[in-house]
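Trainee: Could you walk me through how to read a helix and a ring pair in a model that is new to me?
Mentor: Gladly; let us look at it together.

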Amino acid sequence: MAPHSLDELRDAAVASVTTGLSAIFILLAVGSLIGTWALSGTLIAMVYYGLMLLSPDYFYMTTCLICAVVAVSIGSSWTVAGTIGIGLMGVAQKMGLDPAITAGAVISGAYFR
């Protein structure tokens with residue numbers, strides 16, 4: 001087997017980085033959105049209104065449904081899990097509900113699309 005030239009290795013490295021670059025930009029945008037929401041008080045407001053509006057009896061089903069509707073409407077499951085999912089995890093914690101089941105409901109709804 002003949003060794004690869006330096007140009008072939010460079011082209012392969014550039015191609016592999018180019019493939020993952022869009023995912024990196026999405027993660028940077030989602031991270032910026034999460035930071036903005038945290039600094040502006042949006043996450044705190046989501047927890048406050050979530051505690052007033054959501055019932056613990058139907059919380060997991062409602063969580064999955066909210067995440068599914070938002071994911072279908074905006075088209076980004078990462079954004080839903082990173083923004084609305086954080087708020088719903090806070091609501092679940094304040095209600096004394098299981099965080100593992102809540103995370104499962106968030107992910108299930110976020111990847112519904």
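**Reading helix H2 and the ring pairs**

Mentor: On the other side of H2, away from its buried residues, Ile 44, Met 52 and Leu 53 are exposed, where exposed means over 50% relative accessible area, buried under 20% and partly exposed in between (1.4 Å probe, protein chains only). This is a predicted model, in which local features need pLDDT of at least 70, side-chain atom pairs count only at pLDDT 80 or more, and totals for chains, interfaces and linings use all residues. Residues are numbered from 1 along each chain as its sequence is written, and side-chain values use heavy atoms, leaving out hydrogens and water.

Trainee: Which residues of H2 are buried, and what do they pack against?
Mentor: Helices are DSSP runs (H or I, at least four residues), numbered from the N terminus. The buried residues of H2 are Leu 43, Val 47 and Gly 50; seen down the axis, they fall within an arc of 70°, taken from the directions from the helix axis to the C-beta atoms, so they line one face of the helix. They pack against helix H1 (6-40) and helix H5 (84-95), contact meaning heavy atoms within 4.5 Å.

Trainee: How many aromatic pairs does a search of the whole structure find?
Mentor: A pair of aromatic rings is described by the distance of the centres and the angle of the planes. Rings of Phe, Tyr and Trp (its six-membered ring) pair if their centres lie within 6.5 Å, with planes under 30 degrees apart counted as stacked, over 60 as edge-to-face and the rest as tilted. The search finds two pairs. Tyr 48 and Tyr 49 are edge-to-face, 5.1 Å centre to centre with 75° between the planes.

Conventions. Helices (H or I, at least four residues) and strands (E, at least two) are DSSP runs, numbered from the N terminus.
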